[in-house]
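Me: I have a model open and would like to learn how to read its features one by one. Where should we begin?

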Amino acid sequence: MPRAPQGVQLQSNFARDSQIPREHRDVPLNRICRSSRLESMRTQSHPLLFTLSSLLLFACVCPTDAQKPNILLIVSDDQGYNDLGSINDEILTPNLDRLAKEGTRLTNFYVSWPACTPSRGSLLTGRYPQRNGIYDMIRNEAPDHGHKYTPEEYALTWERIGGMDLREILLPEILGEVGYRTASFGKWDLGMHKRFLPTSRGFEEFYGFVNTGIDYYTHERYGVPSMYRNEEPTIEDKGTYATYLFEREALRFLNSHDGEDPFFLYVPFNAPHGSSSLDPKIRGTVQAPEKYKELYQPVEQEYREGSRYGKPAMVPTKEKRSRDYRAAVTCMDDSIGKMLDVLDERGWADNTIVLFFSDNGGSGGADNAPLRGHKGQTWEGGVRVLSMIRWPNGGIPSGAENDEFLTSMEIFPSLAEVTGAKVPDDVVLDGYNWWSTLRGETKSPRTEMFWKRKDLLGARLGNWKWVDMGGMTGGLFNLEEDIEERNDLSEEHPEILARVKGRFENWMKEMEEAEPRGPFRDY
């Protein structure tokens, strides 16, 4: 059994990084740019209308609406479905346990893709990866073979130049339109060029890394420096554990917020994702501070003889991977607790939507029980994730479990609804308004969901789930009776199998007929 955690005191507090003091700004410059971009997309065939809209934008500032909820959106990285202390006594998560106790745990919650980049793209657009264009990873594969890029090489790689199509409208853009202060601290993963960065896509502030994974201390991705503040690379905090940095920035934002406007704070941690280091001893596990490792049982043998990059190497043992993974989760949980404390201290807790979930199923040292599979797969263990939400003023029940069929694509339209944010008329969303479902008033409006990762396929229609793992394995499963996906009912119910596969084919046709988006689509 792990020992009880000790708090970690935050030592530093940084002033807002801005060339224009808040008191000298009625309207933030990037909010003006954001508004102009949205207006131009809506009215590009009406120059006079755009001119009038621009004049109105500069002539007035929308009044503060005290009833609009604040939003704290926290995303973990590769956390297992069962990695919550209140349901698994092998891991310490007292603050997530508190969040679940004070809110509702979503036990039937899915993401749109079983790995990082597309899952995050769907979250911020409310659209399937195949509709918004980010339907695979933006990552380089050469480091998988031990290659370290020179700066000149890296500048021309896919990981450096790829990004989300600029025609996509992201959640912070529409929230900024209705007066929200927006900030993100953590993992971005939707493009590294300036035009793709968070401050070009609706966020007023950003500090974090911009690709899909880093070394937690050097902040390098396989030797490539990857941390940014707003639109500029930085190595100012090299050597400090990444989770501490994202905690620091989130606390600074919350403590310095004047409370006059509502806020949208997006904190996508990289914990407990594996460390992106070329060192075989580091790459096979998750880095975590020693004080959190000491909360768990000691590991007798941390390394064993193995191989990496086709050569013999010392690699982490399974016991070390599990211990390190849990330590990283507990460290992240401690940081989350400090954010919740600030909400309490400032009297914002009741009217702040706090939403937490993992970007995909767990991997490495994660525990996805009772689900089958893991990150990267279309089994439940790759796409059904740990999730919880708290919003007392919104009528979200406390200490409850909600087993309704819901997904991360519900977040965009649901937040638009409660904030009064306008979704452009020509944007097709794939999510639904979930508030009455979360309050227990109605059934979920969602009845189906589809997944495609290369040749790995999946479809859920009601309680029926079809999986095709590239022709190697799969089947038809009744999730109401078989959440572990062990009993293939394809032969017993061929008519249901045909119906589910038929809906998948119709979905694929719809995605192919949608207005094409880059960066993968050929159009």
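Reply: Begin with a single residue. Asp77 counts as buried, at 0% relative accessibility. Keep in mind that this is a predicted model.

Me: Where does Asp77 sit in the chain?

Reply: Asp77 lies in the loop between strand 1 and helix 3 (94-102).

Me: Which side chain makes a polar contact with the side chain of Asp77?

Reply: That of Lys187, at 2.6 Å. Lys187 falls within strand 4 (residues 181-187).

Me: Which residues is Asp77 in contact with, leaving aside its neighbours within four places in sequence?

Reply: Cys116, Arg120, Lys187, Phe269, Asn270, Ala271, Pro272, His273, Ser358 and Asp359. Two of these, Ala271 and Pro272, are joined by a cis peptide bond, with omega near 0°. Pro272 is in the loop between strand 10 (263-268) and helix 10 (280-283).

Me: Where else is there a cis peptide bond?

Reply: One runs from Ala369 to Pro370, with omega near 5°. Pro370 belongs to the loop between strand 13 and helix 13 (380-383).

Me: Now the strands. How do I read a sheet?

Reply: The general idea is that strands of a sheet pair through backbone hydrogen bonds, either parallel or antiparallel. In this structure, one open sheet has ten strands in the order 9-8-5-4-10-1-13-14-2-15, and its pairing is mixed. Strand 9 (232-233) and strand 15 (400-402) are the edge strands, each pairing on one side only.

Me: What joins strand 15 to strand 2?

Reply: Three bridges, with strand 2 (residues 104-106) and strand 15 running parallel. Leu106 has Asn402 in strand 15 as its bridge partner. On this sheet packs helix 14 (residues 411-419), which touches strand 1 (70-76) and strand 13 (352-358). The direction of helix 14 makes about 175° with that of strand 13.

Me: In the strand order, strand 10 stands between strand 4 and strand 1. How many bridges join strand 10 to strand 1, and how many to strand 4?

Reply: Five bridges join strand 10 to strand 1, and the two run parallel. Four join strand 10 to strand 4, again in parallel. For a specific pair in the first case, look at Leu72 and its bridge partner Leu265. In the second, Ser184 is partnered with Tyr266.

Me: Is strand 10 mostly covered or mostly uncovered?

Reply: Mostly covered: six of its six residues are buried. Phe263, Leu265 and Val267 point one way from the strand, while Phe264, Tyr266 and Pro268 point the other way.

Me: How does the sheet of four strands pair?

Reply: This open sheet has the order 17-18-19-20 and antiparallel pairing. Its edge strands are strand 17 (448-453) and strand 20 (474-478), each of which pairs on one side only. From one strand to the next, the twist averages 5°. Strand 19 (residues 464-469) runs antiparallel to strand 20 and is joined to strand 20 by five bridges. Trp464 is opposite Asn478 there.

Me: Which residue in the loop between strand 8 and strand 9 should I look at for its backbone?

Reply: Asn230, in the loop between strand 8 (227-229) and strand 9. Its phi is positive, about 55°, although Asn230 is not a glycine. Asn230 has a relative accessible area of 19% and is buried; the cut-off is under 20%.

Me: What is phi for Glu485, and is the residue buried or exposed?

Reply: Phi of Glu485 is near 55°, again positive in a residue other than glycine. Glu485 is buried, with a relative accessible area of 0%. Its place is the loop between strand 20 and helix 16 (494-513).

Me: Last, a pair of helices. At what angle do helix 3 and helix 12 cross?

Reply: At roughly 50°, with the axes of helix 3 and helix 12 (residues 318-345) coming within 7 Å. The two helices are therefore oblique to each other.

Me: Which residues meet there?

Reply: From helix 3, Pro94, Asn95, Leu96, Arg98 and Leu99; from helix 12, Asp333, Asp334, Ile336, Gly337, Leu340, Asp341 and Asp344. By class, the residues of this contact divide into five nonpolar, two polar and five charged.

Key
Residues numbered from 1 in each chain as written. Predicted model: local features only at pLDDT ≥ 70, side-chain atom pairs only at ≥ 80, totals over all residues. Heavy atoms only, no water. Pairing = 2+ DSSP bridges. Axes fitted to C-alpha atoms, helices over the stretch in contact; angles between N-to-C directions. Contact = heavy atoms within 4.5 Å. Buried < 20%, exposed > 50% of the residue type's maximum accessible area, 1.4 Å probe, protein only. Polar contact = N/O pair within 3.5 Å; in protein donor to acceptor, adjacent residues only side chain to side chain. Parallel < 35°, antiparallel > 145°, perpendicular 65-115°, else oblique. Nonpolar A, V, L, I, M, F, W, Y, C, P; charged D, E, K, R; others polar.
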